[in-house]
Amino acid sequence: MKKNKKIYIETYGCQMNISDSEIVASILTVNGYDYTHDLNAADIIFINTCSIRENAEDRVRKRLQYFKSLRKMNPDLLIGLLGCMADRTKTALMEEEQLLDLVAGPDSYRHLPQLLEQVGTGSRAIDTILSVDETYADIKPVRLDSNGVSAFISIMRGCENYCSYCVVPSTRGQERSRDAASIIRESLDLFEKGYREITLLGQNVNSYTWKTGDRSITFASLLEQIAGINPLMRIRFATSHPKDISDELLQTIARHPNLCKAIHLPVQSGSNHMLGLMNRKYTREQYQERILAIRNIIPGCAISTDIITGFCGETENDHLDTLSMMEWVGYDTAFMFKYSERPLTLAADTMKDDVPEEVKDRRLKEIIDLQQRLSFANNQEDVGKTFEILVEGKSKRSDRQYFGRNSQNKVAVFTKTQSGPGEYVMVKINSATSATLLGEVV
Ligand code: 5AD
Ligand code: SF4
């Protein structure tokens with residue numbers, strides 16, 4: 001395959017996938033390809049895919065049909081599929097629908113240059129083998145679509161929690177942590193380039209562990225070391241599993257002002273019956289105990305969550321348990337989903353997806369309506385308070401306004417000042433909607 005070809009990557013799914021696309025861009029640009037932000041200028045289009053829910057896969061299929069139509073104008077256009085859909089859909093999409101030239105799974109990105117060479121010789125290329133040790137630790141990601149202020153750093157890959165509804169253990173393989181020294185180097189490098197906020201990513205960051213000599217670095221000690229790089233560097237992380245978010249971690253967050261006071265703690269359901277079937281390994285009461293620990297150790301900490309409604313066998317009472325849990329915690333924000341059965345999961349193999357679609361729809365609406373009220377009420381509590389905001393850029397609505405976030409990850413919009421993106425300003429909040437705080441620089 002001739003070098004200097006232009007690649008374009010479109011990313012679906014989670015933050016981890018955004019980070020992976022940056023790794024792919026790095027591997028390919030180091031190998032002589034150019035990155036373009038213009039889909040129409042691309043010689044090779046990659047689509048980095050997500051399998052978490054059926055509609056995520058449907059969206060990718062539609063997009064691939066569109067890319068295929070671009071081949072009419074550019075017969076040499078190559079199309080590659082990356083990420084979580086790679087293994088499961090490779091045969092169907094490649095053979096039956098003739099949509100793809102190349103397929104690479106989440107642990108195969110180092111082989112992309114060779115795979116592209118293979119495609120250049122006229123054959124199709126597939127590599128979806130999962131690895132037990134690949135972490136791309138030495139790859140310096142190319143920051144795509146960056147605001148120059150915030151960036152993602154992957155600190156681990158894979159997942160071994162085996163929640164019964166979840167496809168991730170089968171698409172991303174075994175859990176493995178990345179070399180701590182390489183994470184710290186990447187954080188330092190970002191700070192020196194002017195970045196002021198990093199988000200450490202992993203499917204379950206609390207189980208991060210790295211051995212150096214006879215010492216084990218835990219997630220709390222990793223956070224502590226990154227926090228020490230510079231007090232102007234904010235650190236966030238996602239995602240935590242409620243079963244192993246420790247007091248040690250909470251105390252570390254409380255001790256460092258630059259460790260953000262926002263914890264994403266997916267509850268999935270408020271019903272013990274559902275939590276058991278979901279294989280979440282905690283009860284409603286244990287989850288509540290962790291919330292009390294957060295409130296106690298980190299006062300003013302924002303808490304967000306993920307919720308699945310309509311899981312196998314969910315009764316009206318189970319649903320009411322979820323609503324009452326949401327009220328009890330008073331979440332600041334939530335991602336809320338209808339259960340979608342995924343192949344190769346315990347639920348697909350052993351349980352019945354028996355909640356009718358219209359019941360799922362109605363329950364989801366009740367959950368979203370409740371969260372809207374909770375977010376609005378939480379944001380009203382912030383009116384009159386002053387927060388340190390990291391400026392991210394111009395507000396979408398007006399050129400005269402900036403937007404940024406407070407430590408609690410809430411978006412604030414305020415009149416522009418001399419301090420620009422990457423700088424901190426103190427903003428007094430005058431009003432709020434359920435999604436945004438509005439204020440003025442003081
Ligand atoms: N159906 C619906 N939502 C799901 N999630 C994971 N698997 C499924 C599924 N099969 C949700 C969970 C998870 C988030 C990333 O996606 O809430 O925390
Ligand atoms: Fe991310 Fe999970 Fe979707 Fe894979 S399936 S892209 S890990 S959300």
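Which residue stands opposite Glu388 in strand 20? To find out in this predicted model, select strand 17 (residues 386–394) and strand 20 (residues 424–432), which pair in the antiparallel sense over five bridges. With both strands displayed, locate Glu388 and look across to strand 20, where the residue standing opposite is Met426.

Keep strand 20 selected and add strand 21 (residues 436–441), since these two strands also pair in the antiparallel sense, over five bridges. The connection between strand 20 and strand 21 is a hairpin that passes through three residues. Within this pairing, centre the view on Lys428, whose bridge partner in strand 21 is Glu440.

Next, turn to the open sheet, in which six strands are arranged in the order 2-1-3-4-5-6 with parallel pairing. Strand 2 (34–35) and strand 6 (125–127) are its edges, and because each has a single partner strand, one side of each is left without a neighbour in the sheet. At the strand 6 edge, select strand 5 (residues 102–104) as well, and follow the three bridges over which strand 5 and strand 6 pair in the parallel sense. Here Val103 is the residue to pick, with Ile126 of strand 6 standing opposite.

With the sheet still shown, add helix 2 (residues 54–70), which lies across strand 1 (6–11), strand 3 (44–49) and strand 4 (78–83), and whose direction makes an angle of about 175° with strand 3. Then add helix 4 (residues 112–120), which lies across strand 3, strand 4, strand 5 and strand 6 and runs at about 160° to strand 5.

The last stop is ligand 1. Select the residues that surround ligand 1, namely Ile52, Arg53, Tyr165, Gln268, Asp306, Ile308, Phe337, Lys338, Tyr339, Ser340 and Arg342. By class, this shell consists of five nonpolar, two polar and four charged residues. Colouring by secondary structure helps here, as strand 15 (302–309) and strand 16 (333–338) each supply at least two residues of the shell.

Three polar approaches to ligand 1 can then be examined in turn. In the side chain of Arg53, an N or O atom is 3.1 Å from an oxygen atom of ligand 1. From Gln268, a polar side-chain atom lies 2.7 Å from an oxygen atom of ligand 1. At Ser340 the backbone takes part, with an N or O atom lying 2.8 Å from a nitrogen atom of ligand 1. Switching on a surface gives the wider view: ligand 1 taken alone exposes 400 Å², and the protein buries 86% of that.

Terms used: Residues numbered from 1 in each chain as written. Chains lettered and ligands numbered in written order. Predicted model: local features only at pLDDT ≥ 70, side-chain atom pairs only at ≥ 80, totals over all residues. Heavy atoms only, no water. Near = heavy atom within 4 Å. Polar contact = N/O pair within 3.5 Å; in protein donor to acceptor, adjacent residues only side chain to side chain. Areas by Shrake-Rupley, 256 points an atom, 1.4 Å probe, with all protein chains shown as cover. Helix = DSSP H or I, 4+ residues; strand = E, 2+ residues; numbered from the N terminus. Nonpolar A, V, L, I, M, F, W, Y, C, P; charged D, E, K, R; others polar. Pairing = 2+ DSSP bridges. Contact = heavy atoms within 4.5 Å. Axes fitted to C-alpha atoms, helices over the stretch in contact; angles between N-to-C directions.
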